[in-house]
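Me: I'd like a close look at one part of this structure: the question of disulfides. Please start there and then walk me outwards to whatever surrounds that spot.

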Amino acid sequence: MSGGWWCDGVRWPGQAPELGWSRGGDRRVSVLAYGAGIGFRALGERHCVGARGNVCPLGAVVPGRSTGGRCAECARLDRAHSVAADTMADDPRTYRVYLAWFGPGMVKVGITGEERGAARLREQGAVVFSWLGRGPLMAARRTEEVLRAALGVPDRIAYARKRAVRGRLPGAEERAAEVAELYGRVARLEGGGGPESLERLPLEVVDQAELFGIDRTPAPVRSVRELVDGGVVSGRLVAAAGPDLHLAVDGVGVVVLDTRLITGWDLAAVPDVPVRAGAGSDAAAGSKSAPDVSAGPRAGSDAAASVKAGPDASASVKATPGASGGEMRVPLIDIGGGGVQGGLF
């Protein structure tokens with residue numbers, strides 16, 4: 001390992017996606033802007049990202065296709081201290097139960113800490129959601145389990161399925177109607193589907209398609225299967241949902257990069273990435289405030305050992321009609337298909 005900056009993946013603490021960075025105990029973020037370019041080269045091997053802020057004691061190498069980015073031991077440690085593990089029954093915080101919609105017939109019920117607001121919904125790539133209730137952790141957990149059974153919905157939906165439908169979603173009214181219908185089914189259950197300690201919340205449909213940018217960009221056609229040593233990823237950011245960045249690439253179309261695949265890699269800057277904002281970009285096209293995602297988290301002489309998306313970078317994104325540029329020299333697969341594209345590396 002080079003000791004350079006590692007990307008921790010996408011976060012959604014607010015209304016814009018951010019890339020998290022770590023190097024030892026140092027943490028930084030890069031706020032992303034639609035229309036800006038992103039480019040990097042992967043170096044060496046992929047290593048375990050550790051757990052709960054701790055470095056992996058084994059420095060284990062992990063598979064390139066793993067979306068967890070952790071070795072078996074660190075994965076167990078991380079899971080053991082999560083809310084999903086039900087090991088925090090005495091947690092005093094307030095939790096919210098939500099109904100999340102990702103596409104026609106693709107819905108789930110989940111819980112999140114109230115102090116996080118809708119960040120969890122953005123992290124999952126929920127196109128539409130509505131709150132159902134709020135209360136203590138165990139009341140929220142019990143409600144979640146009851147509603148899953150009553151509505152016949154899964155406890156999780158694979159990102160591959162979400163990507164497959166993201167480019168052909170129904171209109172906003174139809175999306176809202178499906179969520180409202182499901183909310184009505186919950187309301188008709190005895191006791192609203194949960195214990196009295198859970199406060200019911202009124203229907204308030206929130207549509208995040210515009211926030212993600214997926215309502216104004218071409219449908220993605222391929223996704224990155226994995227990074228490899230020396231592999232290059234670059235393109236113009238046109239949309240983002242959950243951990244996925246949608247990159248426009250000349251000669252390919254829109255390619256989805258699941259940022260969970262880039263954790264644990266040493267990422268080097270790619271010189272002179274030919275990526276510019278297109279005229280159709282609704283945000284950051286030509287804006288001087290847009291991040292130059294071709295510079296990396298700058299911290300002295302080793303700034304190049306990172307993805308081209310740094311918190312200290314100056315803006316240099318220019319508006320050029322029709323330009324997207326970029327290149328993909330990593331294995332790609334068809335969205336919704338699974339076939340590996342040949343000749344891409």
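Reply: Let's begin with the rule. A disulfide is counted when two cysteine sulfur atoms lie within 2.5 Å of each other. In chemical terms, that's a covalent bond between the sulfurs of two cysteines. Keep in mind that the model you're looking at is predicted.

Now find Cys48. The closest cysteine sulfur to the one in Cys48 belongs to Cys74, and the distance is 3.7 Å, so this pair is too far apart for a bond. Apply the rule to the chain and you end up with zero disulfides. Cys48 is also tucked away: its relative accessible area is 5%, so it counts as buried.

Next, go to Cys71, which has Cys48 among its contacts. Cys71 sits in the loop that runs between strand 4 (37-43) and helix 1 (72-80). Is this loop residue buried or exposed? It's buried, because its relative accessible area is 10%, and the line for buried is drawn at under 20%. If you skip the neighbours within four places in sequence, Cys71 is in contact with Cys48, Cys56, Ala60 and Val62. You can also check a backbone distance here: Gly59 is twelve residues away along the chain, and its C-alpha is 9.0 Å from that of Cys71.

There's another cysteine to look at, Cys7, and this one counts as buried because its relative accessibility is 1%. One way to reach Cys7 is through Thr263. Leaving out residues up to four places away in sequence, Thr263 touches Cys7, Asp8, Gly9, Arg46, Val49 and Gly69. Thr263 lies in the loop between strand 13 (253-258) and strand 14 (266-268), and with a relative accessible area of 8% it is buried too. A polar atom of the Thr263 side chain lies 3.2 Å from the backbone oxygen of Arg260.

Arg260 gives us a handy stepping stone, as it is one of the residues touched by Arg163. Arg163 is found in helix 4 (residues 159-166). What does a charged-looking name like that do for burial? Let the number decide: Arg163 is buried, since its relative accessible area is 11%. Its side chain makes a polar contact of 2.7 Å with the side chain of Asp244, and another polar contact, also of 2.7 Å, with the side chain of Asp258. Besides Asp244, Asp258 and Arg260, the list of residues that Arg163 touches includes Val256 and Ile335, not counting those up to four places away in sequence.

From here, step into the nonpolar interior. The largest nonpolar core has 53 residues, and Leu227 and Met328 have the most contacts inside it. Strand 11 (residues 232-241) supplies the largest share of this core, with five residues. Leu227 touches plenty of residues beyond four places away in sequence, among them Phe40, Ala42, Leu261, Trp265 and Val330. Apart from that core lies another one, of twelve residues, including Ala100, Leu121, Ile157 and Leu201.

Helix 3 is worth a stop as well. Its 15 residues (137-151) should span 21 Å at 1.5 Å a residue, and the end C-alpha atoms are indeed 21 Å apart, so the two agree. Its buried residues include Leu137, Ala140, Glu144, Leu147 and Leu151. As a reminder, an α-helix has 3.6 residues a turn, so residues three or four places apart point the same way. The buried residues of helix 3 pack against strand 5 (94-103), strand 6 (106-113), strand 7 (128-136) and helix 5 (172-187). Right after helix 3 comes Gly152, with a positive phi near 70°.

Helix 5 is where you'll find Ala172. Ala172 counts as partly exposed, because its relative accessibility is 46%. The C-alpha of Ala172 is 9.1 Å from that of Val128, although the two are 44 residues apart along the chain.

Finally, zoom out. The chain has six helices and 16 strands, and 51% of its 345 residues count as buried. Among contacts with a separation of 6 or more, 69% join residues 24 or more positions apart. The accessible surface is about 14,900 Å², and carbon and sulfur atoms account for 51% of it. As for where we started, the count of disulfides stays at zero.

Methods
Residues are numbered from 1 along each chain as its sequence is written. This is a predicted model: local features need pLDDT of at least 70, side-chain atom pairs count only at pLDDT 80 or more; totals for chains, interfaces and linings use all residues. Side-chain values use heavy atoms; hydrogens and water are left out. Helices (H or I, at least four residues) and strands (E, at least two) are DSSP runs, numbered from the N terminus. Buried means under 20% relative accessible area, exposed over 50%, partly exposed in between (1.4 Å probe, protein chains only). Contact means heavy atoms within 4.5 Å. The expected span of a helix is 1.5 Å times one less than its number of residues. A polar contact is a pair of N or O atoms within 3.5 Å; within protein, one must be able to donate a hydrogen and the other to accept it, and residues adjacent in sequence count only if both atoms are side-chain atoms. Accessible areas come from the Shrake-Rupley method with a 1.4 Å probe; for residues, only the protein chains shown count as cover. A nonpolar core is a set of buried Ala, Val, Leu, Ile, Met, Phe, Trp, Tyr and Cys residues joined through side-chain atoms within 4.5 Å.
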